[in-house]
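Biologist: Thanks for sitting down with me over this one. Could you put it on the screen so that we can talk it through?

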Amino acid sequence: VAGSSCKSGSVREYVAGAYRGDMELCELTASASFAEILGKYGQDFWVSCLADVSSAEFPDKVRTMRVEDTLASDVFTHCYYKWSVDIKADADEIIETCGLGLRKKSVRSKNVSGCVFAFINGVGPSLLLQQRAELPADDRKLSAEERVRRTSMKLDVAGVEHLIAEGKRHPGSFWLTSWSGTNVEDAKKKAVCSQIEGQLATQRFNRCLFVEVSNCQEATLRVTNMCGLGMRKSSVKSRFGPGCIAAFFTGEGLPPLPLPQAVSTPPSKRHSVPGSSGPKEAPAQPKRRRTAEGEPSAVVTLPTRGGVDRARRPPPSSADKVDDAAAVSARVGDDEELYFKQVRVLETRLKDLLPRLKREELSTPFVQARLEEFMRKPQGRLDKFKLEIARVWRSYLEDNPEIGNPRFEDVAVDCD
């Protein structure tokens, strides 16, 4: 390897899928990069570091080092190492570039000097990788990165409007949650490791829709107001601030809506090494016809197959963007106005209903059930207004502490 000096150990013997003997130690120069070496081995490597160890002392330390209770020399053939001023920062940089490899979590160390190193197997899959390959996709021994790559659950990214549309199509088969201070990629790791009511999310749901938002509390409240609680029995616990909300879907009922853009991440497209998908092709440039003077024209009108001319649209201007933002703001205002009017109607109906109910029987489920009967609504229709119903009947009791039981003849009963 360019930029390294290798010191061979004793002759190694291949025994029962593992190597016995000393590893080949290769010290990297300051200009050499771990990424150039590890990129050839996918995720079959182990990165770590040793604090307060010089390059001269490292070979003696690494001889007895173990990886998950097994001597490293029994699993790997080579060890590449480099002295570092800040081992924590350098180890994190390697993981950020190449992935966790065979590790479950990032390296735990302080920001001190020492040696950063990586174990690899130069003759084939390591014993550790073979053992990991036999584990199921949701095994806790696997890292969150590896579980994301292996999961059969479809991971999609979209906007709040798309999530609300899906929630309305599947009112009783989704589970909404929220993670504050989290981006979409980290949210995917949390999703595949989540347990919902004692069961792994990957075993209970077949799809998860992610939305990165500026305010988790506001976004979850909007979704529940429009779609209800879904499979939840209580409201979503979310914080005020940026983060990511996610909705798990069971796959029952109607098929999912097409995504606005190709943002789905099916299992077959998840790369083993972050950033290793190859160079991206530059977007195709529109063809421009030359005028008689030889200068390219600004807008080209090309005939379609059907013979109808079509003009290339210019990129959206700043005014268009302002109009789009205004449309979104107006839509949010319309939703708020609708919700406000619905709550006012419920308050009026509850004002008539509550005096007819027995005081000792008042509870949110009971009042909601009676209100749905009173308004001739199907059972569960008012689920998304549970908090409002609770607020109204509790306020009613506080304002009328002297109220006793109503007379039964005052209660309206429909005997038909």
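Biologist: Let me start right inside a sheet: which residue in strand 15 is the bridge partner of L209?

Modeller: Happy to, and please keep in mind that this is a predicted model. Strand 14 and strand 15 run antiparallel and are joined by seven bridges. Within strand 15, the bridge partner of L209 is A247.

Biologist: And which residue of strand 15 is the bridge partner of L176?

Modeller: Here we move to the pairing of strand 11 with strand 15, which is antiparallel and spans seven bridges. Looking along strand 15 for the partner of L176, we arrive at A247.

Biologist: In what order do the four strands of this open sheet stand?

Modeller: We can build the order from the pairings. Strand 10 is joined to strand 14 by four bridges, strand 14 to strand 15 by seven, and strand 11 pairs with strand 15. The pairing is mixed, and the order reads 10-14-15-11.

Biologist: Why is one side of strand 10 and of strand 11 left without a neighbour in the sheet?

Modeller: Strands of a sheet pair through backbone hydrogen bonds, either parallel or antiparallel. From one strand to the next in this sheet, the twist averages 20 degrees. Strand 10 (154–157) and strand 11 (174–180) each have a single partner strand, so one side of each lacks a neighbour: they stand at the edges.

Biologist: Which residue of strand 14 stands opposite K154?

Modeller: For this one we look at strand 10 and strand 14 (residues 207–213), which run parallel. The residue opposite K154 in strand 14 is R207.

Biologist: At about what angle to strand 14 does helix 7 run?

Modeller: Helix 7 (residues 184–193) packs on the sheet and touches strand 10, strand 11, strand 14 and strand 15. Helix 6 (residues 160–169) lies across strand 11, strand 14 and strand 15, at about 145 degrees to strand 14. For helix 7, the angle with strand 14 is likewise about 145 degrees.

Biologist: How many residues of strand 15 are buried?

Modeller: Take its two faces in turn. G243, I245, A247 and F249 point one way, C244, A246 and F248 point the other way, and all are buried. That makes strand 15 mostly covered, with the buried count at seven of its seven residues.

Biologist: Now the largest nonpolar core: which element supplies the largest share of it?

Modeller: This core has 20 residues, and F34, L38 and Y80 touch the most other members. At least two residues each come from strand 4 (24–28), helix 1 (34–38), strand 5 (45–51), helix 3 (87–98) and strand 9 (114–120). The largest share, five residues, comes from helix 3.

Biologist: What residues does F34 touch, leaving out those up to four places away in sequence?

Modeller: In soluble globular proteins, nonpolar side chains tend to be buried together. F34 is one of the residues that touch the most other members of the largest core. With sequence neighbours up to four places away left out, its contacts are L28, Y80, Y81, K82, I94, V116, F117 and A118.

Biologist: Are the rings of Y339 and F385 stacked or edge-to-face?

Modeller: Y339 sits in helix 10 (residues 318–353) and F385 in the loop between helix 11 (364–374) and helix 12 (386–399), 46 residues apart. Both Y339 and F385 are buried. Their ring centres are 5.7 Å apart and their planes at 15 degrees, so the pair is stacked.

Biologist: What is the angle between the planes of F117 and F119?

Modeller: F117 and F119 are both buried, and they belong to one aromatic cluster with F58, F76 and Y81. Their pair is tilted, with 5.1 Å centre to centre and a plane angle of 55 degrees.

Biologist: Last one: is R376 buried or exposed?

Modeller: R376 is found in the loop between helix 11 and helix 12, and has a positive phi of about 55 degrees although it is not a glycine. The cut-off for exposed is over 50% relative accessible area. R376 has 70%, so we call it exposed.

Conventions
Residues are numbered from 1 along each chain as its sequence is written. This is a predicted model: local features need pLDDT of at least 70, side-chain atom pairs count only at pLDDT 80 or more; totals for chains, interfaces and linings use all residues. Side-chain values use heavy atoms; hydrogens and water are left out. Two strands pair if DSSP finds at least two bridges between them. Axes are lines fitted to C-alpha atoms, for helices over the stretch in contact, and angles run from 0 to 180 degrees between N-to-C directions. Contact means heavy atoms within 4.5 Å. A nonpolar core is a set of buried Ala, Val, Leu, Ile, Met, Phe, Trp, Tyr and Cys residues joined through side-chain atoms within 4.5 Å. Buried means under 20% relative accessible area, exposed over 50%, partly exposed in between (1.4 Å probe, protein chains only). Rings of Phe, Tyr and Trp (its six-membered ring) pair if their centres lie within 6.5 Å; planes under 30 degrees apart count as stacked, over 60 as edge-to-face and the rest as tilted.
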